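Before turning to individual helices and residues, it helps to settle what is meant by a buried position and then to work from the whole chain down to its parts. Please keep the sequence and the model side by side while reading.

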Amino acid sequence: MQWEQLTWADFRDAVAETETCILTMGVIEKHSDHLPLGTDTLNVHKIACMAAEQEPAVVFPPFYFGQIYEARCFPGTITIEPKLMLALLEGVLDEIGRNGFRKIIIVNGHGGNRHLIPFLAETTLWEQKSYSVYVAGRLTPEREEAWAAITDTDYHGHACECETSVSLANHPELVHMERVPDEPALPLGRLSHLPGNMSGAGWYANHPEHYAGDARTATAEKGQQLRELLVDTLVEFIAAVKADETLASLEEEFFEREDGLAR
Ligand SMILES: [Zn+2]
């Protein structure tokens with residue numbers, strides 16, 4: 001169920017029935033020369049909607065804001081001031097909670113959010129909330145193997161064979177296969193003299209054209225198969241979250257102990 005498509009009465013019933021909302025997180029950024037700026041958001045939202053049809057949950061409207069400072073040098077990027085980003089995300093989670101959801105699942109559709117989202121999840125121990133936050137994980141090892149068997153290229157990352165294939169399955173009218181670069185984009189290694197280092201410009205150092213991989217072998221058929229792996233994984237995760245009461249009771253225990261410090 002998509003939040004913005006429900007009437008108020010159907011929304012109220014959906015909250016009572018599922019208690020679970022899915023917040024998908026993508027961004028607006030360059031995706032090589034052949035994919036639309038909203039690729040991450042469009043794909044992750046579509047996959048969440050497909051999963052929520054099989055295991056009922058309410059999907060939050062497409063959310064376009066996240067960590068994407070490394071694309072500020074390209075036209076069309078939308079970034080949010082760092083301090084505001086966290087406040088915005090907390091405000092969105094609180095608003096989902098105020099509408100009655102006890103469980104919020106965050107599904108990430110953008111690699112640049114890989115540090116932001118776990119930190120956001122950790123901030124839920126700062127202050128007790130009316131809801132619990134779950135962050136959907138990666139594919140199982142068996143599905144990772146299946147993923148590798150479907151694809152013809154080994155190096156993936158951004159606007160690559162995988163992402164382009166899934167885009168062809170989800171919204172072929174927005175994909176321009178004739179503009180796929182002639183050469184694959186492998187990491188340039190411009191910071192490789194600093195092994196193990198993490199810097200803000202780290203990704204940019206490797207992929208200054210916001211392309212990582214080789215999209216020439218992308219097809220809609222591969223995209224449908226890859227998408228199925230993602231949807232099946234999320235269906236199982238939604239079911240596990242809906243059945244879970246342990247996280248809420250751990251949070252209750254944690255905040256009771258924290259309250260005890262003040263006495
Ligand atoms: Zn992407």
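A residue is called buried here if 20 or more other C-beta atoms lie within 10 Å of its own. By that criterion, 35% of the 263 residues of the protein count as buried. The model is a predicted one, and the values that follow were computed from it.

The secondary structure consists of nine helices and four strands, and, read along the sequence, these elements follow the pattern α-β-α-β-α-β-α-β-α-α-α-α-α. The radius of gyration of the protein is 19 Å, close to the 18 Å that the globule rule gives for 263 residues, so the protein is as compact as a globular protein of that length. Its C-alpha trace spans about 65 × 40 × 35 Å along the principal axes. When contacts between residues at least 6 apart in sequence are considered, 80% of them join residues at least 24 apart.

Helix H8, which covers residues 220-243, is a useful element from which to follow the helix packing. How do the axes of H2 and H8 cross? The axis of helix H2 (residues 39-54) comes within 9 Å of that of H8, and the two cross at roughly 50°; H2 and H8 are therefore oblique to each other. Their crossing is right-handed. On the H2 side the contact involves Ile47, Ala48, Met50, Ala51, Ala52 and Gln54, which meet Arg227, Leu230, Val231, Leu234, Val235 and Ile238 of H8. Sorted by class, the residues of this contact are 10 nonpolar, one polar and one charged.

A second partner of H8 is helix H6 (residues 161-170), whose axis comes within 7 Å of that of H8 and crosses it at roughly 95°. That angle makes H6 roughly perpendicular to H8. Here Cys162, Ser165, Val166, Ser167, Leu168 and Ala169 of H6 make the contact with Ala220, Lys222, Gly223, Gln224, Leu226 and Arg227 of H8, and the residues involved divide into six nonpolar, four polar and two charged. Arg227 of H8 is thus listed in the contact with H2 and also in the contact with H6.

Among the strands, S1 (residues 20-25) includes threonine 20. Is threonine 20 buried or exposed? Because it has 23 C-beta neighbours inside 10 Å, threonine 20 counts as buried. Leaving aside residues up to four places away in sequence, threonine 20 touches Ala57, Phe101, Lys103, Ile105, Ile238, Val241 and Lys242. One of these, Ile238, also belongs to the H8 residues that meet H2. The C-alpha atom of threonine 20 is separated by 24 Å from that of glutamate 256, a residue 236 places away along the chain.

Two loop positions deserve a look at their backbone angles. Most residues other than glycine have a negative phi. Alanine 159, in the loop between helix H5 (141-150) and H6, has instead a positive phi, near 60°. Alanine 159 is buried, with 29 other C-beta atoms within 10 Å. Histidine 210, in the loop between helix H7 (202-206) and H8, likewise has a positive phi, near 55°. Histidine 210 is buried as well, with 22 other C-beta atoms within 10 Å.

Conventions: Residues are numbered from 1 along each chain as its sequence is written. This is a predicted model: local features need pLDDT of at least 70, side-chain atom pairs count only at pLDDT 80 or more; totals for chains, interfaces and linings use all residues. Axes are lines fitted to C-alpha atoms, for helices over the stretch in contact, and angles run from 0 to 180 degrees between N-to-C directions. Angles under 35 degrees count as roughly parallel, over 145 as roughly antiparallel, 65 to 115 as roughly perpendicular and the rest as oblique. A crossing is left-handed if the near helix is turned anticlockwise from the far one by less than a right angle, and right-handed if clockwise. Two residues are in contact if their C-beta atoms, placed from the backbone, lie within 7 Å. Ala, Val, Leu, Ile, Met, Phe, Trp, Tyr, Cys and Pro count as nonpolar, Asp, Glu, Lys and Arg as charged, and the others, Gly among them, as polar. The radius of gyration is taken over C-alpha atoms; the globule rule is 2.2 Å times the number of residues to the power 0.38. A residue is buried if 20 or more other C-beta atoms lie within 10 Å of its own, exposed if 12 or fewer, and partly exposed in between; C-beta atoms are placed from the backbone.
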